[in-house]
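I opened a fresh page for this one and kept my notes in the order I looked things up. Here is the structure I had on screen.

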Amino acid sequence: MRSGHSPEGEELPPDFRESLRSLSEAIRSCTRCPLAEWRTKAVPGEGPDRADILLVGEAPGRDEDLAGRPFVGRAGSVLDSCLNDAGIERSRVFITNVVKCRPPENRRPRKAEVEACWPYLEAQIELVEPKAVILMGNAATKAVLDVEGVTSLRGRVFREIFLATFHPAAVLRNRNLKEALVSDLLVAKEKAEG
Ligand code: SF4
């Protein structure tokens, strides 16, 4: 996993890695990057304390920012449909994003924002202990694996647990990608069950 981030900014609470609850509390009051000024609600992520599959998207969108929950808008409907087609129960996976606050105009998160938010994602992966981490889209693959190009990266396992696939929002733009996303979820499911 990526490491070595040490952004300038607000210190993290000393106990933020102790549990998903303390992590979520730290995220909801976080001001480590400028995205804090734009958010309505931070979106820590949701799911069981332990999950075999952890999904990582890019950033909250408008609906997620208002709800404080991940993947509840149109991309969330696509994700739900893909999970359903792959036979994966949403309630049994942990879902989060690279950055926990919505960027203005849904722009891509900036490097400094990703680095400021990185300790939260790292701690979530450590606490949830997934057998498969699905990186959805280029922002997630860049943040975690430091590489981009989902089209060529998908279908392979990196560092034993990481798989890359398309972001559900990409499926909204090109419905032909849904089959690939479902296929990648099935690979993750097999890995998690194995
Ligand atoms: S995006 Fe992450 S680092 Fe930035 S304010 Fe939100 S929780 Fe903090």
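**Entry 1: the ligand**

Which element gives the most to the shell around the ligand? I found that α4 does, with 3 residues. A reminder to myself before going on: this is a predicted model.

I then listed the whole shell. The ligand is surrounded by Ile27, Cys30, Arg32, Cys33, Leu35, Ala36, Arg39, Lys100, Cys101, Ala116, Cys117 and Tyr120. Sorted by class, this shell has 9 nonpolar and 3 charged residues, with no polar ones.

Where does the ligand sit? I placed the ligand in the largest cavity, which took me straight to the next entry.

**Entry 2: the cavity**

I counted 1 cavity of 30 Å³ or more. The volume of the largest cavity comes to about 90 Å³. Its lining is made of 13 residues, and the closest to its centre are Cys30, Cys33, Cys101, Cys117 and Tyr120.

Here too I met α4, as the largest share of the lining of this cavity, 3 residues, comes from that helix. The lining divides into 10 nonpolar and 3 charged residues, and again I noted no polar ones.

**Entry 3: a ring pair at Tyr120**

Tyr120 had now turned up in the ligand shell and among the residues closest to the cavity centre, so I looked at its ring, with a cut-off of over 60 degrees between planes for edge-to-face. My count gave 1 aromatic pair. The partners are phenylalanine 16 and tyrosine 120; their ring centres are 5.8 Å apart and their planes stand at 90°, so I wrote the pair down as edge-to-face.

Which parts of the chain does the pair tie together? Phenylalanine 16 lies in the segment before α1 (20-28), while tyrosine 120 belongs to helix α4 (residues 111-128), so the pair links parts 104 residues apart in sequence. I checked burial as well: both phenylalanine 16 and tyrosine 120 are buried.

**Entry 4: proline 34**

I picked proline 34 next, from the loop between α1 and β1 (53-57). Is proline 34 buried or partly exposed? I have it as partly exposed, at 48% relative accessibility. Its C-alpha atom is separated by 9.8 Å from that of alanine 116, and the two residues are 82 apart along the chain. Alanine 116 was already on my page as one of the residues around the ligand.

**Entry 5: the largest pocket**

Then I turned to the open sites. The largest pocket has a volume of about 710 Å³. I noted 27 lining residues, of which Ala75, Asn106, His167, Ala169 and Arg173 are the closest to its centre.

Which helix gives the most to the lining of this pocket? I found α7, with 4 residues. Four helices each supply at least two lining residues: α2 (62-67), α3 (74-85), α5 (138-145) and α7 (168-173). By class, I sorted the lining into 11 nonpolar, 7 polar and 9 charged residues.

**Entry 6: the second largest pocket**

I put the volume of the second largest pocket at about 250 Å³. Its lining includes Arg50, Asp52, Ile53, Glu89, Arg92, Lys189 and Glu193. Helix α8 (residues 178-193) provides the largest share, 3 residues. The class tally reads 5 nonpolar, 1 polar and 6 charged.

**Entry 7: leucine 135**

For a look at a strand I chose leucine 135, which is in β3 (residues 132-136). Its relative accessible area is 0%, so I marked leucine 135 as buried. The C-alpha atoms of leucine 135 and leucine 55 are separated by 6.3 Å, although the residues are 80 apart along the chain.

**Entry 8: two positive phi values**

Most residues other than glycine have a negative phi. With that in mind I wrote down two residues that go the other way.

Aspartate 146 is not a glycine, yet has a positive phi of about 60°. I located aspartate 146 in the loop between α5 and α6 (150-153), and its 42% relative accessibility makes it partly exposed.

Arginine 159 also has a positive phi, near 50°. This residue is in the loop between β4 (157-158) and β5 (162-165). I have arginine 159 as partly exposed, with a relative accessible area of 45%.

Key
Residues numbered from 1 in each chain as written. Predicted model: local features only at pLDDT ≥ 70, side-chain atom pairs only at ≥ 80, totals over all residues. Heavy atoms only, no water. Phe/Tyr/Trp six-rings, centres within 6.5 Å; stacked < 30°, edge-to-face > 60°. Buried < 20%, exposed > 50% of the residue type's maximum accessible area, 1.4 Å probe, protein only. 1 Å grid on protein atoms, 1.4 Å probe; cavity = no way out; pocket = protein on both sides within 12 Å on 5 of 7 lines; lining within 4 Å. Points joined across faces, edges and corners; volume = space filled by probe spheres on them. Nonpolar A, V, L, I, M, F, W, Y, C, P; charged D, E, K, R; others polar. Near = heavy atom within 4 Å. Sits in = over half its atoms within 2 Å of the grid points.
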